[in-house]
Amino acid sequence: MRWWASLCAIGVGVAVVVFDAPGAAAQDADDSDDDEDMEIVEPQKPAWQAFLAPVLSKKPGTDFLTGGMPDRLISFAGFDIWRYGLGGYTGFQWAPDGINKDGFILRVSASDNIERYTTPTRRYVTEIARGAILPGVKFRRGNFEMQWLAGLDAQADFLLINGRSVQPRARLGARFAADVWWEPTRSLMLQGALSGTMIDNAVSARAAAGWRLFDRFWIGPEVSRSTDFYSRQTRIGAHLTGLRTGDYEWTIAAGHIDDSFHRDGLYARFGVMLRPPRPAFFEN
């Protein structure tokens, strides 16, 4: 009768499992409810992980390149070339309250320019490196925007005469700058810039007008004038401003240039900014 005892034992075991299952399921459900009611506390991230968050989270390039504050920082760079010289510049402008809002701004820039001048007996090559830190203020009234800046200017000059280096010089001074952007109508833009430094009494100014095309960029004429202790330069040309591709805004210009050394020719200028779109002064 051993098989009968074994069969009874198996039946008792199945009955225990069947009748005890609802209680176990109810207990699991209660445990699940308790888990849902519990507040989950995330551990604090280490400092290095917070610093690398823009990279680890795979945010867009704008966030990483602007240090995680694309609405407060504008980065810019470009170059300028003509028959007797070339130059490049770079920098950034920081607005703690937002680049499209009134308030304090800080512009940091650096540039380097090389020019040559040849006489029947001598060949001059001049390189001028500049750097500036300019705090200022920006305000906007309707469709008019203006920036005033003033601060420290530094300059280093290097001169080669017939391939021989002349003693370089480095100087410090004060610089001011003013920029204006005005859209009197939906399709017309007026732009102006004025800058001056105590180093060599240098002053430069630029004025431009632009017509809006295809609701994508401005195109029109420009004129600029610069002067210092040594020379004067005048440019008349055309520009394309505000062409956006993704997070970038492009500027292209070209025209005629002449200076007080009786040199002339064609110039070309190329610039790019990393910034959010400009605010719309007019509703569509």
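Among contacts in the protein chain between residues at least 6 apart in sequence, what percentage join residues at least 24 apart? The figure is 47%. Keep in mind that this is a predicted model. Its protein chain has four helices and 12 strands, and those 12 strands close into a barrel.

**The barrel**
- Going round the barrel, the strand order is β1-β2-β3-β4-β5-β6-β7-β8-β9-β10-β11-β12, with antiparallel pairing.
- On average, neighbouring strands of this sheet are turned by 15° against each other, direction ignored.
- As general background, strands of a sheet pair through backbone hydrogen bonds, either parallel or antiparallel.
- For one pair to look at, take β2 (residues 85–94) and β3 (residues 103–118), which are joined in the antiparallel sense over 10 bridges.
- To find your place along β3, look for N113, which has G87 opposite.

**Burial and surface**
- The protein chain has 284 residues, and 28% of them count as buried.
- Its accessible surface is about 18,200 Å², with 64% belonging to carbon and sulfur atoms.

**The largest nonpolar core**
- This core is made up of 10 residues: I74, F76, A95, I99, I105, A132, L134, L149, A177 and M273.
- Two or more of its residues come from each of β1 (73–82) and β4 (123–141).
- F76 is one of the core residues; leaving aside neighbours within four places in sequence, F76 is in contact with Y89, T90, G91, F92, Q93, R107, V108, S109, V272 and M273.
- M273, one of those contacts of F76, is also listed in the core.

How values were computed. Residues are numbered from 1 along each chain as its sequence is written. This is a predicted model: local features need pLDDT of at least 70, side-chain atom pairs count only at pLDDT 80 or more; totals for chains, interfaces and linings use all residues. Side-chain values use heavy atoms; hydrogens and water are left out. Buried means under 20% relative accessible area, exposed over 50%, partly exposed in between (1.4 Å probe, protein chains only). Contact means heavy atoms within 4.5 Å. Accessible areas come from the Shrake-Rupley method with a 1.4 Å probe; for residues, only the protein chains shown count as cover. A nonpolar core is a set of buried Ala, Val, Leu, Ile, Met, Phe, Trp, Tyr and Cys residues joined through side-chain atoms within 4.5 Å. Two strands pair if DSSP finds at least two bridges between them. Axes are lines fitted to C-alpha atoms, for helices over the stretch in contact, and angles run from 0 to 180 degrees between N-to-C directions.
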